[in-house]
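Here are my notes on this one, written as a walk from the overall fold down to single residues. Keep the viewer open while you read, and click on each residue as it comes up.

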Amino acid sequence: MARFDVLTGLPNRLMINETLVRTMAEADSWGGRYAFMMLDLDRFKAVNDTLGHPIGDRLLGSVSERLEGLMGDGSLCGRLGGDEFAVIVRGASDAGAIDDLARRIIETLSRPYEIDAHTLYIGASVGIAIGPRDGRTAEMLVRSADLALYRAKDAGRGVYRTYEPELHVKAEERRVLEMALRTALENGEMHLDYQPVVDARGETLVAFEALLRWTSPRFGIIAPEKFIPLAEDARLIAPIGAWALRTACEEAAKWPSDIRVAVNVSADQLQNPNFVTTVTSALANTGLAADRLELEVTESVFLTEALGATKVLERLLDMGVRLSLDDFGVGHSSLGYLSRTRFSSIKIDRSFVRDAAAGTREAVAIVHAVIALARSLDIDTTAEGVETEAEHRMAQAFGCTNVQGFYFGRPMPVEQVRALANGRWKASAAA
């Protein structure tokens, strides 16, 4: 009992460590190689938070069965605790075989689970360390695998990564950046820029998209694609997202009543049961009408739709808030999302806009199909990333409702936004 996990029946952390030490000693005696993998389940926390621990425990049991079924004679898997698992491979001379095992683990654990009439979609990220190259002690090898796992998560999850020496340096950079991020809000280092969204004719301003920016006194301008995933991992996205929402609503209340504001919302925010209250308070405190707020979500939100995201969205829609599906076509692209949720608009990803304007047959067909589908469902379409006159003409010809991009205006500070919103809209003035 001291060496096996009660919930899953797999070897526990103690037995994993003992087996790793023994494996390393045996391999070192004849110059062999060995591998240690760390696995982290993606989106598992949402299961516990929304469906409860009994469902989460049964899901862990199913994960364990699948993982154990992939183990060969020279490998052992175990549960380290929570939603973390480990795999030890005694003979790791064939790097290709190790990569293949990691791929099969991710594919197998990412298949849907049926538990108590719930269809659950989770995934797995894997970090790999090869010994003795990546660590001559069990502690060093585990740390190397852990750093590789962080790298896999940073790459978007659902992938595996192998340890590289520079990961130690990156881990320290990440730690320091996270510390700076924790005080960024209270130090006034964050602000919102706004990018105009206009009707396809380019004559009427219909909305501004609020874009979060961070300028650190120490690190300078930090790209959103770098600090937003960090905020999600560090559990900071809720306060940062709430601040962005309040600030955007407060600013939009100063604009004419026919101009909306769009605010991006992450999947992590929608898993927070207090998010509806956050939106309600922002609208009430600023006096902004609900139909002037548009929340933008990506398709990744719906990977956990059985876990409450759609329920939160439905409550917001019932309040009159608008909903936009961002980056349509580059994610999982299930048309079922459109039938199950009352979207106000679909934003066609920049890559399709660019390729369709260039005449790429596949992109032209996709854009035509998306616009036709949206029109049949009474959903607006916005062409993202319009940067040239040719792309604007394409959006017009295809029947897009709105357009957004550098051709009409780059993200701009609030002073410029107010002047533009309260003045007469001219595309040339914005660009």
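1. Let's start with burial. This is a predicted model, and 50% of the protein's 431 residues count as buried. The accessible surface adds up to about 19800 Å², and carbon and sulfur atoms own 51% of that.

2. Next, the overall build. You should find 17 helices and 16 strands in the protein. The radius of gyration is 25 Å, close to the 22 Å that the globule rule gives for 431 residues, so the protein is as compact as a globular protein of that length. If you drew a box around the C-alpha atoms along the principal axes, that box would be roughly 80 × 50 × 45 Å.

3. How do the contacts spread along the chain? Take the contacts with a separation of 6 or more: 67% of them link residues 24 or more positions apart.

4. A quick word on charge. The protein has 48 positive and 60 negative charges, and the mean positions of these two sets are 1 Å apart.

5. Now the inside. The largest nonpolar core has 78 residues, and the members that touch the most others are L181, F208, V261, L293 and L295. Which helix gives the most to this core? That is α8, residues 237-252, with eight residues. To see one of the well-connected members at work, click on L295: beyond its neighbours up to four places away in sequence, L295 touches L245, V263, V265, F275, L316, V321, R322, L323 and S324. There is also a second, separate core of 34 residues, with V47, C77, I98 and I122 among them.

6. F227 deserves a stop. You'll find F227 in helix α7, residues 224-233. Is F227 buried or exposed? Its relative accessible area is 1%, and buried means under 20%, so F227 is buried. Setting aside neighbours within four places in sequence, F227 is in contact with L181, M190, L212, R213, W214 and I222. L181 is worth noticing there, since that residue also turned up in the largest nonpolar core. For a sense of distance, try N187: N187 and F227 are 40 residues apart along the chain, and their C-alpha atoms are separated by 16 Å.

7. S64 is another one to look at. S64 sits in helix α3, residues 53-68. With 2% relative accessibility, S64 counts as buried. Which residues does S64 touch, leaving out those up to four places away in sequence? They are T8, L10 and F85.

8. Finally, some backbone geometry to check. Most residues other than glycine have a negative phi, and most peptide bonds are trans. Against that background, look at the peptide bond from G131 to P132: that bond is cis, with omega near 5 degrees. P132 belongs to the loop between β6 (123-131) and α5 (138-154).

9. Two residues go the other way on phi. R235 is not a glycine, yet its phi is positive, about 60 degrees. You can find R235 in the loop between α7 and α8, and R235 is exposed, with a relative accessible area of 54%. D378 isn't a glycine either, and its phi is also positive, about 60 degrees. D378 is in the loop between α14 (361-376) and β15 (380-383). At 70% relative accessibility, D378 counts as exposed.

Key
Residues are numbered from 1 along each chain as its sequence is written. This is a predicted model: local features need pLDDT of at least 70, side-chain atom pairs count only at pLDDT 80 or more; totals for chains, interfaces and linings use all residues. Side-chain values use heavy atoms; hydrogens and water are left out. Helices (H or I, at least four residues) and strands (E, at least two) are DSSP runs, numbered from the N terminus. The radius of gyration is taken over C-alpha atoms; the globule rule is 2.2 Å times the number of residues to the power 0.38. Buried means under 20% relative accessible area, exposed over 50%, partly exposed in between (1.4 Å probe, protein chains only). Contact means heavy atoms within 4.5 Å. Accessible areas come from the Shrake-Rupley method with a 1.4 Å probe; for residues, only the protein chains shown count as cover. Lys and Arg count as positive and Asp and Glu as negative; His and the chain ends are not counted. The place of a charge is taken as NZ of Lys, CZ of Arg, CG of Asp or CD of Glu. A nonpolar core is a set of buried Ala, Val, Leu, Ile, Met, Phe, Trp, Tyr and Cys residues joined through side-chain atoms within 4.5 Å.
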